Every structure is written in C-alpha cells, then in structure tokens.
Amino acid sequence: MTTFPDISISTERLVLRPFEEADVSAYAEMMNDEMVTAWTSVPQPYTEDDARDWINHLAPAERTEGRGIALAVTEFLTQRLVGIVQLRDTNWRVRSCELKYVVAPWARGEGYASEAALATAQWLFNDQRFERIELRTAADNTAAQQVAQKIGCISEGVLRGAWIARTRNGGDPFGGWIEVRTDLIVWSLLPEDLEGVGEQLADSGFTAFSDWN
C-alpha cells in the first residue's frame with residue numbers, strides 16, 4: 001500500500017495543512033452552509049461531533065489507508081480556516097485521483113479555491129509524480145466549474161443522472177431540504193495542462209505555488 005506524506009503546502013496567501021482539533025467549530029460552521037449542503041453529501045445538520053470525528057478519525061484514515069488526503073485551507077496571515085481540499089479515490093498504479101474542494105462562506109470571492117486547488121495539483125504532479133487529476137462538478141454548480149476552468153482542467157463529458165444534489169423544498173429558504181438527481185460534468189487535469197496557468201492566475205491578482213514541506 002502507498003500513502004501520501006503528512007504534508008503542508010504554502011502559497012502566497014494560504015497554508016494547506018492537516019486538520020487540527022482547533023478547527024472543529026469553524027469546520028462544522030462551514031459544512032452547515034447552504035451551498036455546501038446543496039452540492040455535497042455531508043450530513044445535515046453537520047454537528048461539532050461530526051466535525052470532530054472527521055478531523056480525528058476519518059480524514060487521517062484517508063491518508064494512512066492510502067485512499068487520499070484531506071487538507072485544511074487556512075489564510076497565511078490570520079490562520080483562519082477558509083476551506084478544504086481533498087484528494088480521494090486514489091489509484092496508485094495509474095497515478096491518478098479525484099480532487100474536491102469547498103470554500104467557507106466567509107471566504108468566497110477571493111480566489112482561494114483556485115489557488116488551493118492549483119497548489120495541490122502542482123504538488124501532486126511535481127512531488128508525487130501523478131499523471132492525472134479528475135474533478136466532477138454538478139451540472140448547476142457554476143462556481144465549482146469556474147474553478148476547474150481557471151486551473152486548466154479540460155471537460156471530458158457528462159455523467160447523466162450521476163449525482164444527488166439538495167435543494168430547498170419549493171424554493172423556500174426556510175423550508176426543508178429535498179434531494180434531486182442531476183448530471184455530473186467530468187473534468188481532467190494532466191501535468192501539461194498546467195503550463196502557463198500559474199502566470200494567468202497571478203495576472204488576476206495573486207501569486208502562488210512554490211513551497212511545500
């Protein structure tokens with residue numbers, strides 16, 4: 001069995017690191033956000049006990065059992081939790097895995113998802129010698145699709161009816177959640193797709209992606 005190292009990745013604005021007990025409250029708050037509920041399958045409501053179980057047991061097991069790795073995305077200056085990047089469904093023979101990301105509601109609009117995802121991809125390709133990253137975004141999740149495009153992903157096709165999203169019953173923001181079937185767009189990222197992407201993102205307002213340990 002092969003596993004990822006216990007890694008931290010630094011960019012100009014962010015530190016991607018293993019989760020800690022101190023992240024429990026902020027992580028639970030993030031995972032209870034409306035957009036996170038709509039586009040992920042996390043339990044709702046998401047309690048601090050759920051967060052603690054993830055941080056202390058489930059996330060570490062992803063790495064030690066060779067399935068992937070989950071990293072807390074934090075601001076370099078404030079150390080505030082602003083998201084999560086996760087590699088999962090790792091195939092060590094093919095050197096491929098799936099990339100997922102969530103940004104906290106208090107940190108959206110800053111380009112953090114693109115910065116964190118690109119830094120993770122660069123580390124995965126350069127340091128771990130992976131050859132393929134796959135992303136899957138729900139057909140109506142335009143924010144996730146924009147991140148995929150910004151980091152150089154190529155759309156490969158649609159998996160019809162392959163995901164269950166959640167929406168408010170009758171559109172009432174105070175109503176209960178109902179499940180709806182939706183399509184998934186499949187994206188891929190290969191090492192050669194990253195050429196020039198860092199420079200393009202730097203032109204849009206931030207620089208990044210050099211230091212990991």
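Trainee: Which elements each supply at least two residues of the lining of the largest cavity?

Mentor: Please note at the outset that this is a predicted model. A cavity is a space where a probe fits but cannot get out. In this structure, the elements that each supply at least two lining residues of the largest cavity are strand S4 (81-91), S5 and helix H4 (112-126). The most comes from S4, with four residues.

Trainee: How many cavities of 30 Å³ or more does the structure hold, and what space lies in the largest cavity?

Mentor: There is one cavity of 30 Å³ or more, and the largest cavity holds about 40 Å³ of space. Its lining is made up of Val73, Val82, Gly83, Ile84, Val85, Tyr101, Val102, Val103, Tyr112, Ala113 and Ala116. Sorted by class, that lining has 10 nonpolar residues, one polar residue and no charged residues.

Trainee: Helix H4 has now been named. How should I read its length, and is H4 enclosed or open?

Mentor: One may compare the span of a helix with the span expected at 1.5 Å a residue. H4 has 15 residues, and from its first C-alpha to its last it reaches 21 Å, close to the expected 21 Å. As for its surroundings, 14 of the 15 residues of H4 are buried, so the helix is largely enclosed by the rest of the structure.

Trainee: Let us turn to pockets. What is the volume of the largest pocket, and which residues are closest to its centre?

Mentor: A pocket, unlike a cavity, is an open set of points. The largest pocket here contains about 1200 Å³ of space. It is lined by 43 residues, and those closest to its centre are Trp39, Thr40, Lys100, Tyr101 and Val102. Strand S5 (residues 96-103) provides the largest share of this lining, six residues. By class, the lining of the largest pocket consists of 25 nonpolar, nine polar and nine charged residues.

Trainee: What volume has the second largest pocket, and which residues line it?

Mentor: The second largest pocket has a volume of about 170 Å³. Its lining comprises Asp6, Pro18, Phe19, Ile55, Ala59, Pro60, Arg63, Thr64, Ile69, Ala70 and Leu71. Two or more of these residues come from each of helix H3 (48-64) and strand S3 (69-75). H3 gives the most, with five residues. The classes in this lining are eight nonpolar, one polar and two charged.

Trainee: Strand S3 also holds Thr74. Is Thr74 buried or exposed, and with which residues is it in contact?

Mentor: To judge burial, one asks whether the relative accessible area is under 20%. For Thr74 the value is 4%, so Thr74 is buried. Leaving aside neighbours within four places in sequence, Thr74 is in contact with Arg13, Leu14, Val15, Arg17, Gln79, Arg80, Leu81 and Val82.

Trainee: How many disulfides does the structure hold, and why is Cys153 not bonded to Cys97?

Mentor: A disulfide requires two cysteine sulfur atoms within 2.5 Å. The structure holds zero disulfides. Cys97 is in none, and the nearest cysteine sulfur to its own, that of Cys153, is 11 Å away. Seen from Cys153, the closest cysteine sulfur is likewise that of Cys97, and 11 Å is too far for a bond. Both residues are nevertheless shielded: Cys97 is buried, with a relative accessible area of 4%, and Cys153 is buried, with a relative accessible area of 7%.

Trainee: What should I look for in the backbone, and which peptide bond is cis?

Mentor: One may examine the omega angle of a peptide bond. The bond from Gln44 to Pro45 is cis, with omega near -5 degrees. Pro45 is placed in the loop between helix H2 (34-39) and H3.

Trainee: What is phi in Asp89 and in Arg129, and where do Asp89 and Arg129 lie?

Mentor: Here one looks at the sign of phi and at the residue type. Asp89 is not a glycine, although its phi is positive, at about 50 degrees. Asp89 is located in strand S4. Arg129, also a residue other than glycine, has a positive phi near 60 degrees. Arg129 is found in the loop between H4 and strand S6 (132-138).

Trainee: Is Arg129 buried or exposed?

Mentor: For a residue to count as exposed, its relative accessible area must be over 50%. Arg129 has a value of 54%, so Arg129 is exposed.

Technical notes:
Residues numbered from 1 in each chain as written. Predicted model: local features only at pLDDT ≥ 70, side-chain atom pairs only at ≥ 80, totals over all residues. Heavy atoms only, no water. 1 Å grid on protein atoms, 1.4 Å probe; cavity = no way out; pocket = protein on both sides within 12 Å on 5 of 7 lines; lining within 4 Å. Points joined across faces, edges and corners; volume = space filled by probe spheres on them. Nonpolar A, V, L, I, M, F, W, Y, C, P; charged D, E, K, R; others polar. Expected span 1.5 Å × (residues − 1). Buried < 20%, exposed > 50% of the residue type's maximum accessible area, 1.4 Å probe, protein only. Contact = heavy atoms within 4.5 Å.
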